[in-house]
Amino acid sequence: MDFELKNFFDLDRCQLCGRCLSQCPVLGYSEDKAKAEKQKLIKGEWSEVLERCKSCFSCNCFCPNQAHPYGLILFRWFERYQKLGIPIRALSSLPVEEKNFMEFAKRDYTREERVLVEEWRKNLHSELSGREVIFVGCNGQVFPYLFNSPVFKDAVIISEPGLCCGEVYYRMGIFSRVEKLGRKLEAVYQKAKPSRVIMFCLAGYNMQKNILPKNFGIRLEPEIIYIGDWLLDRVKTGAIQFKRALNRRVAIQESCHGKALGKDFSEKPRELLRLAGAEVIDLNPCREKQICCGAADGITRFNPIDMVMGGIRQWRLAKATGADLFVPYCATCYLMLKMAGKFYPSFIPCVHYLELLTYAMGKDVVSLADKRAGKIMTKVMLSSAGRIFSRKRIHPEG
Ligand code: SF4
Ligand code: SF4
């Protein structure tokens, strides 16, 4: 497939108002500067935006004309990737490459988790025609224990190493790999024929529902549903019942895809937490003004220090709220915040919202996330020690 700018950014709609770059929570340019940098990006010239953008998607929310300004930056990164590749140190954050974070998560699985993921793999290759399934992508596979919960009673969960929506590759502009992973998903769904796929992760939802079909021509046959909708339905029908109130003030870490999709999506985890008895507090800045958990901070320069510093930024915001708990609803955010938290002793527990829902349903949760995040970080650093300062660049394709 030939990738064209028009599939990512709508130039005809752009009025060159500069609002996307002046309202950007990272750049915050003056109007004149915003317009000048926008012009450079449109012309395909070098712009400092390409080295400072943190891939947070917020500019898409600020554009009054729905021109998708983030897509323009992304496309220029795609061109950079074609020309220069990516530094070899980036491999450890790419979920289907060698010695990546997933590999180290798997080595730390408990026996119970190994049984769970094997069951998910078997489900994927069983008779699924017309059935509803839950899709656990790469970030969910870092924490399989999250699914050992009454929340998923009677649900059919599917997953397999390498079955990936391609989100991280998309954020880095590695479009050829995104297309390849999308084609793999297309083939898996065509064979298994589930009728509805419930996406555990909002990034995976946005990829499978919107980005893969619209930008990459991938035809996914099942209906793609966000887990927030599925969970709220289950609460309404009584399949999920909360037996103990959370009674905690929880600060929410927004998912980049949550804010890109809008309040209808980002509100759902909040609504679930409120139904479970929590008081939900937003960080300041929040929603479309919030930058990411830190994971995407590393995309511009492929620098792990940028990621940790981004995570610490979010921890500081959480601490400033005075909340009892810091709660992400995305598993990538969870991993990133747990890793960054090792460098920022806030003394606020960080808990995934599924753990809280599980607790509210009456099941105690033994979280494995802290220990696992520490092990992943140490092993990634040790295995990548030779890569961190390497100037070698690669094209992870094939
Ligand atoms: S993606 Fe985020 S950091 Fe990048 S230009 Fe848009 S708003 Fe700014
Ligand atoms: S992309 Fe949208 S916000 Fe940015 S300059 Fe164009 S019209 Fe304005």
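**Group meeting: two sheets, two helices, two ligands**

I start with one pair of residues: Arg249 has Glu279 of strand E7 standing opposite. Keep in mind that this is a predicted model.

That pair belongs to strand E6, which covers residues 249-253 and is joined to E7 by four bridges, the two strands running parallel. Further along, Ile252 stands opposite Asp282 in E7. Ile252 also stands opposite Val327, and that residue is in E8. E6 and E8 run parallel too, and four bridges join them.

Put together, this is an open sheet of three strands, in the order E7-E6-E8, with parallel pairing. The edges are strand E7, residues 279-282, and strand E8, residues 325-328, and each of them pairs on one side only. On average, neighbouring strands in this sheet are turned by 40 degrees against each other, if direction is ignored.

Is E6 largely enclosed or open? Four of its five residues are buried, so E6 is largely enclosed by the rest of the structure. A residue is called buried here if 20 or more other C-beta atoms lie within 10 Å of its own.

Now look at the edge strand E8. Leu325 and Val327 point one way from it, Phe326 and Pro328 point the other way, and all are buried. Being at the edge of the sheet, with pairing on one side only, does not leave these four residues of E8 unburied.

There is another sheet. It is open, has four strands in the order E3-E2-E4-E5, and its pairing is parallel. Its edge strands are E3, at 157-158, and E5, at 223-226, each pairing on one side only. Strand E4, residues 196-199, runs parallel to E5 and is joined to it by four bridges. One residue pair to find on the screen is Met199 opposite Tyr226 in E5.

Next, the helices. Helix H15 takes in residues 304-321, which is 18 residues. From its first C-alpha to its last it reaches 27 Å, close to the 26 Å expected at 1.5 Å a residue. Which residues of H15 are buried? They are Pro304, Met307, Val308, Gly310, Gly311, Gln314, Trp315 and Ala318. These cover an arc of only 160 degrees around the axis, which means that they sit on the same side of H15. On the other side of H15, the exposed residues are Ile305, Arg316 and Ala320.

Helix H5 can be checked for length in the same manner. With 16 residues at 1.5 Å a residue, H5 should span 22 Å, and its end C-alpha atoms lie 23 Å apart, which agrees. Many names appear among the buried residues of H5, including Pro69, Tyr70, Gly71, Leu72, Trp77 and Tyr81. Just after H5 comes Gly85, with a positive phi of about 70 degrees.

Before H5 there is a loop, between H4 and H5, and Pro64 is found in it. Is Pro64 buried or exposed? Pro64 is exposed, because it has 10 other C-beta atoms within 10 Å, and a residue with 12 or fewer counts as exposed. Pro64 and Arg19 are 45 residues apart along the chain, and their C-alpha atoms are separated by 8.2 Å.

Last, the ligands. Around ligand 1 there are 13 residues, and those that come nearest are Cys24, Cys53, Cys56, Ser58 and Cys59. Helix H4, residues 58-62, and helix H5, residues 69-84, are the elements that give two or more residues to this shell. By class, the shell of ligand 1 has 10 nonpolar residues, two polar and one charged.

How many residues surround ligand 2? There are 13, the closest being Cys14, Cys17, Cys20, Cys63 and Pro69. Pro69 was also in the list of buried residues in H5. The shell of ligand 2 divides into eight nonpolar, three polar and two charged residues.

To recap: one open sheet of three strands, one open sheet of four, helix H15 with its buried residues on the same side, and two ligands with cysteines among their closest residues.

Definitions and conventions. Residues numbered from 1 in each chain as written. Chains lettered and ligands numbered in written order. Predicted model: local features only at pLDDT ≥ 70, side-chain atom pairs only at ≥ 80, totals over all residues. Pairing = 2+ DSSP bridges. Axes fitted to C-alpha atoms, helices over the stretch in contact; angles between N-to-C directions. Near = placed C-beta within 6 Å. Nonpolar A, V, L, I, M, F, W, Y, C, P; charged D, E, K, R; others polar. Expected span 1.5 Å × (residues − 1). Arc of directions from axis to C-beta.
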